[in-house]
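This report introduces one protein model to a reader who has not met it before. The sequence and the structure come first, and the description follows under short headings.

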Amino acid sequence: MPAEETLILVKPDGVARGLTGEILRRIEAKGYRVTDLRMLSASRELLAEHYAEHEGKPFFEPLLEFMSSGPIVAVRAEGNRVIEGFRALAGTTDPTTAAPGTIRGDLGRDWGVAVQQNLVHGSDSTLSAERELALWFA
Ligand code: RTP
Ligand code: MG
């Protein structure tokens with residue numbers, strides 16, 4: 001059976017805070033394999049496509065602005081159940097209440113800004129992973 005793949009993003013806050021290495025370390029320490037990686041400043045078009053499911057929500061514009069605020073590191077990772085596994089490593093969306101031991105719980109906090117700055121993104125299903133990997137590793 002071919003290993004499952006996911007798209008992970010180190011968001012601009014993670015890159016700016018110098019946490020890229022720590023986040024990659026956690027992915028690899030868990031036993032997932034990084035098979036591709038790139039740093040880029042994402043265009044508005046790419047971000048709008050990536051977050052299409054959130055279009056129309058109050059946090060959509062602040063989210064695109066935040067995701068445009070600096071470089072992002074996009075990671076292709078693989079392993080059995082890596083989609084679910086990375087979401088567990090990342091922790092829940094709100095970094096204030098994300099469980100300690102997770103990336104967001106250990107390293108994230110509320111900065112009192114318009115949108116949750118929570119360090120990472122991970123695809124949430126095999127369908128999203130396929131769609132998002134095609135976008136970020138075109
Ligand atoms: P992601 O898609 O980035 O992996 O995060 P997620 O599944 O945990 O969260 P989702 O509901 O998909 O929301 C996408 C991103 O939008 C920002 N957000 N801020 N009320 C808020 O301030 C708020 N709600 C969502 C976060 O950056 C979240 O990760
Ligand atoms: Mg999401």
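## Annotations from the record

UniProt positions are given here in the numbering used for this chain, feature names are shortened, and annotations may be inferred rather than shown by experiment. With that understood, the unreviewed UniProt entry carries the annotation "active site" at His121. The entry, which is unreviewed, also gives the annotation "domain: Nucleoside diphosphate kinase-like" for residues 3-138.

The model described here is predicted. Over residues 3-138 the chain is 40% helix and 18% strand. The C-alpha atoms at the two ends of this stretch are 20 Å apart.

## The annotated histidine

His121 belongs to strand β4, which comprises residues 120-122. A residue counts as buried if 20 or more other C-beta atoms lie within 10 Å of its own. His121 has 24 other C-beta atoms within 10 Å and is therefore buried. When residues up to four places away in sequence are not counted, His121 touches Ile8, Leu9 and Lys11.

## The surroundings of ligand 1

His121 is also one of the residues around ligand 1. The others in this shell are Phe59, Leu63, Thr93, Val115, Gln116, Asn118, Gly122 and Asp124. By residue class, the shell divides into 3 nonpolar, 5 polar and 1 charged.

## The nonpolar core

The largest nonpolar core holds 28 residues, of which Ile8, Phe86 and Val120 touch the most other members. At least two residues of this core come from each of the strands β1 (5-10) and β3 (72-78), and from each of the helices α2 (20-29), α4 (60-67), α5 (82-90), α6 (103-107) and α7 (126-136). In soluble globular proteins, nonpolar side chains tend to be buried together.

Val120 is in contact with Ile8, Leu9, Val10, Lys11, Gly14, Ile23, Ala90 and Ile103, leaving aside its neighbours within four places in sequence. Ile8 and Leu9 are thus named among the contacts of Val120 and among those of His121.

## Strand pairing around β3

Strand β3 is mostly covered, with 5 of its 7 residues buried. β3 pairs with β1 in the antiparallel sense over 6 bridges. In β3, Glu78 stands opposite Glu5.

Strand β2 (residues 33-40) also runs antiparallel to β3, and 7 bridges join the two. Here Ala74 in β3 has Arg38 opposite.

Technical notes: Residues numbered from 1 in each chain as written. Chains lettered and ligands numbered in written order. Predicted model: local features only at pLDDT ≥ 70, side-chain atom pairs only at ≥ 80, totals over all residues. Near = placed C-beta within 6 Å. Nonpolar A, V, L, I, M, F, W, Y, C, P; charged D, E, K, R; others polar. Helix = DSSP H or I, 4+ residues; strand = E, 2+ residues; numbered from the N terminus. Buried ≥ 20, exposed ≤ 12 C-beta atoms within 10 Å, placed from the backbone. Contact = placed C-beta atoms within 7 Å. Core = buried A, V, L, I, M, F, W, Y, C linked by C-beta atoms within 7 Å. Pairing = 2+ DSSP bridges.
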